[in-house]
Structures are given as structure tokens and as C-alpha cells.
Amino acid sequence: MDTIEENLRQRISQRGERFAEACEEIALLERGGRGEAMAEENDAGVSQITGSARSGSSDAPTIAVDPEDSWSALLSGRNAVMLALVSAGIGLHAFNSFAIVAAMPLAAEELGGAALFSWAYSLYFIGSIAGGTGAAAFRDRVGPVSALLVSCLLFTLGGLAALIAPNFSFILTGRLLQGIADGLIVAIAYSLIPGNFRSGLISRVFAVEAMVWAVASLLGPLAGGWLAEAFSWRISFLAVVPFLLLLLVLTPMAKPEASTAKRAAAAPFAIGMLIAGALVLSLSSVASSALGQVAAVVAGIALFILAIVFDGRLGPKLLPADAFGAGSVFGCGLWVLLLMSLSHSVGAVYLALAISEIWAYRPTVVGAIVLLMALTWSVVAVFASRHPSPERQDLRTRMGPLFQVAGFVCIAIGLTTQTIALVVFSQIMIGTGFGLAWANVNRAALAGASDEDRDRAGALLPTVSTGGYAIGAGLAGLVATATGLVANLHNGSQDTALAVSYVWLYGLAAVGAIAAFLFSLGVRLPR
């Protein structure tokens, strides 16, 4: 067993080193010829000038990068194994979110679960909130290795319940278990970042995770759809097995370090309020009237707010200090994560349907257009992860929500005028916004949290994003119901009626992105 582990470590390290060499070459080429700007930054105390770039003239100086903060350092040795572990957890989250999309309609048809179809997604979301909010306390109680292994077991049980399901209730039970496990795994994976990587590597870690998320979210529907078509919808629930195996192998290999911060306390009141909010918000998807939808969304958001306001006043404190406080970097960072996710969700929920109905494209083409956003995000994130001054990175952070706004405007115009090029361009704009801002916001939020709260802050980041996507989906449903969007698309109604829907839908998304921009003004990387 030791020999197998050593061989696997060496393979991970060797492949990481080869990738790192390519990244370093690109970085050197990019830095060449920027001597004057770098010299000015050095005079301001931002960076050190140490030599000349290979690709520039002999007099062109470059910025020194600490070897321990380079791509080579990240992609070799223990860092490489640790990065693979974190990537497996985040990849599982992204992959599983899309892998069963093709299987669920077939399962509902075979098992007679059409009336409960939406609950397969709602219970997964509720489970994710429960797992994500309780992840820090669970990890601190049993240790990160045991927490990840138990979560993998729980996820496996959920998959087996769906695999052998004699009726749709087994599917619902399996989705709830997988949601809890997924929330635990992705939150623990994020929480391991600050304690297991040097601060200078964290921006590169988030850049890699953006790429992992994009690739996994692309492969998820492809693998799940192929398994459902070639074999059975039941086999689609096994598509995620490679990620589980990676987690089972890499967790004992990486030996993630336990937190040295104060142990997170179980907070049943706050977690219960958040779960109740998620449950009530999910009711908006099954409400039969517009009034019922409004009531569910408003009540769900109200429960989330009450959980934040009374956190620590009624029972132990769940959230780190300054969570959602407008006067702190950490609080502003959480708002940006929430609002960027919310805005993207509002704009994305009905996009695939609109493209399909207007242009009658095949599902693969529609999926490619929608997934262009994720691919752009990953590419931009890698290039944006390099180390200019913190001031420039902060500028990129503020540009992210503005790119979102521009993307939403392009979608609204593109759908209204039936110009597919604008819709495609909008996905590139939105992906660029996330690529520029997301890693920096996460870095700044982690750095802005106190030392004793940093691990809990890391665990909270993906849960906040999940909550934003859920709230956004509820708001998108309200707009669609109020403006008759779905009926108008199916019936081929007049362009004017659809234009009103687009203005409300993407106008709301743009408002959310503008709010994210305002909060981004309070997000600053440490100097």
C-alpha cells in the first residue's frame, strides 16, 4: 500500500511540475517588456525588481516571485496532493450538480414521480445548506480526514438509494443524503485551503478550482446523459464514482492539517433557521399561484435574514464575526459572493429554454452556449491569478460585477432582437466577470476573517454562493410567472410581450450585479 501511495504521489507531482513549467513560461513572457511599470510599482513599495525577463530586452526588469509561491511549488510535493484533494471535492460538487439532469425526467416517468419532480432538486438544495452550515463543527469534532470519509460514505448511500429505487421516494431520499454529503464535502474542501496552503498560493489555488469547476460542470451532463442513454438512468447516479474514489484515496494521502483555530460550535438554532428558509424558498417551485410564489420567496429570504440577525443571540454562534457586515472586508466579500451568484442565477434559469425556443437549436448546441460562461471563467481565472500589485487585483475585483452587468444587457438585447451572436458574447462577458473577481473575493474574504474564524469562513464561502443561486432561482420564477415568460415562449407570442419579460428578468439580474459592485468597493486584498 505504501508503494502504491508513493507512486501516486510521484505521478501527481511529475504532472504538476510539467504543467507548472508551462505556466511559468507564460508568466515570464507576460512580464517581459513591462519594466517601466514594474519599476514604478517598486518605487511605491508594491513589488521588488530582481532581473530581466527572458522574452524582453536585457534591461527589462521583472517582479520577483517567491519560489514557494510559484506554480511549481503549488503543483509539486505535498501541495500537489493537497490541491488534488481539494479539487476532487469541488469537482464532485460541480459534476454532480449536472450529471443527473438527463436521468431525472426518465426516473420520474418510470417511477411515477412527475408530481414530485421539483423536490428532487429542492431536497438536494436543502441538504446542501444543512451540510454546508454544519461542516465546520463536524470537521472540528471528528477531524478533517474522518469528516471527508464519512461524507463520502453518506454520498455513496444516497447514490445507492437512487440506483435501486423501487419508487420515487427512494430517489428523493437519495438526493437529500447526497445534498447533505455534497454540502459537507465542498465546505470542508474550501475550509482546508487557508490552513494547508501558503497565503501566496491561495490565488493560484482558486484559479485551479475555477478550472476544475468548469471542466467538471461540462463533463457532468455529457457523462450523465451518455450513461442514461446507453445503459439506464440508474447508472447515471454512478457517474460521480471516480470523484468519490479520488477522495477516498487522496484524503489519507494528503493528511490535511486540522485547524489550529477555535473549534466551531454546533449552532442548532441558526442552522435550523437556514434549513427552514431553504425549505420555504423551495416551495416557490411548486406553488400553484403567483401569490404563493411571492409568499414563499419572501418568507424564505426573511428566515435567512433572521438566522443572520439572531445568530449568537439565541444559541451558539454559527457565522464568523462580521459576516455580512458592510463595514468589514469579510462581510463585503460575502455580499459580493451572494449577489454575483444570485444575479447569475436570475439570468441563467430560463436562458437555455429561451435559446431553444427562439432558435430551435439541438440540446448539445444550447448546452455549449450556456457552458461557454464556465469555460471563459476558468481561462480568465488562470490568467488573472498572477501577481500584479494588490491595487490591480482589487480593480479586477470591481470589474467583475460590471462585466456581469454588460453581459445581462447583451442577453436582453440579443433575445429581444433574436441575435444569437450577442447571446454568445454575453456568456463570455459574464464568464470574464467571474474569472476576474471570484478568486480575489474569496482570497480577500478569507484574509479579512480573524485567525480563529478563518476555517469557518472558508467553509461558509460555497454555502453563501449556493444560497445566492437558490434565491436567484426563486426570483427568476417570480418574474417568469408574473410576465408569462414560459407560456409566451411556448406559444410564440409577440415580441413585445417577450421583451417585457426580458427587461424585467435581466434588469433584475443587472440590479443584483450593480449591488455586488457597490459591495466590492469594500473588498480589498491585504497589502
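**Figure 1. The whole chain, seen from its surface inwards.** The protein chain exposes about 21700 Å², and carbon and sulfur atoms supply 66% of that area. What you're looking at is a predicted model. Of the 527 residues in the protein chain, 54% are buried. The secondary structure comes to 21 helices and two strands. Take the contacts in the chain with a separation of 6 or more: residues 24 or more positions apart account for 80% of them.

**Figure 2. A look into the largest nonpolar core.** This core has 145 residues, and the ones that touch the most other members are L74, F168, I171, F197, L415 and Y506. Helix α8 (residues 168–196) puts in the largest share, with 13 residues. Zoom in on F197 and, leaving aside residues up to four places away in sequence, you'll find it touching L74, N79, M82, L83, V86 and V205.

**Figure 3. Helix α4, end to end.** Does the length of this helix agree or disagree with what its residue count says it should be? Helix α4 covers residues 77–99, and at 1.5 Å a residue its 23 residues should span 33 Å; the end C-alpha atoms sit 32 Å apart, which agrees. As for its surroundings, 18 of the 23 residues of α4 are buried, so the helix is largely enclosed by the rest of the structure.

**Figure 4. W335 and F519, an aromatic pair between two helices.** Searching the whole structure turns up eleven aromatic pairs. In this one, the ring centres of W335 and F519 are 5.2 Å apart and the planes are at 15°, so the pair counts as stacked. The two rings come from distant parts of the chain: W335 belongs to helix α14 (residues 329–348) and F519 to helix α21 (residues 495–520), with the two positions 184 residues apart. W335 is partly exposed at 26% relative accessibility, and F519 is partly exposed too, with a relative accessible area of 22%.

**Figure 5. W359 and Y361, another stacked pair.** Here the ring centres are 6.3 Å apart with the planes at 10°, so W359 and Y361 are stacked. W359 counts as buried, at 18% relative accessibility, whereas Y361 is partly exposed at 28%.

**Figure 6. A cluster of rings.** Which residues do ring pairs link into a cluster? They are W213, W377, F434 and W438. One of these, F434, turns up again in the next view, where it is touched by Q404.

**Figure 7. Q404, a buried glutamine in helix α17.** Q404 is found in α17 (residues 390–417) and is buried, with a relative accessible area of 0%. What does its side chain reach at 3.2 Å? That would be the backbone oxygen of M340. Setting aside residues up to four places away in sequence, Q404 touches M340, S343, H344, I430, F434 and A513.

**Figure 8. I358 and its neighbours from elsewhere in the chain.** I358 lies in helix α15 (residues 351–359). Follow the sequence for 132 residues and you get from I358 to H490, yet their C-alpha atoms are 9.3 Å apart in space. Not counting residues up to four places away in sequence, I358 touches L415, Q418, L489 and Y502. L415 should look familiar: it's among the core residues that touch the most other members.

Notes: Residues numbered from 1 in each chain as written. Predicted model: local features only at pLDDT ≥ 70, side-chain atom pairs only at ≥ 80, totals over all residues. Heavy atoms only, no water. Phe/Tyr/Trp six-rings, centres within 6.5 Å; stacked < 30°, edge-to-face > 60°. Helix = DSSP H or I, 4+ residues; strand = E, 2+ residues; numbered from the N terminus. Buried < 20%, exposed > 50% of the residue type's maximum accessible area, 1.4 Å probe, protein only. Core = buried A, V, L, I, M, F, W, Y, C linked by side-chain atoms within 4.5 Å. Contact = heavy atoms within 4.5 Å. Expected span 1.5 Å × (residues − 1). Polar contact = N/O pair within 3.5 Å; in protein donor to acceptor, adjacent residues only side chain to side chain. Areas by Shrake-Rupley, 256 points an atom, 1.4 Å probe, with all protein chains shown as cover.
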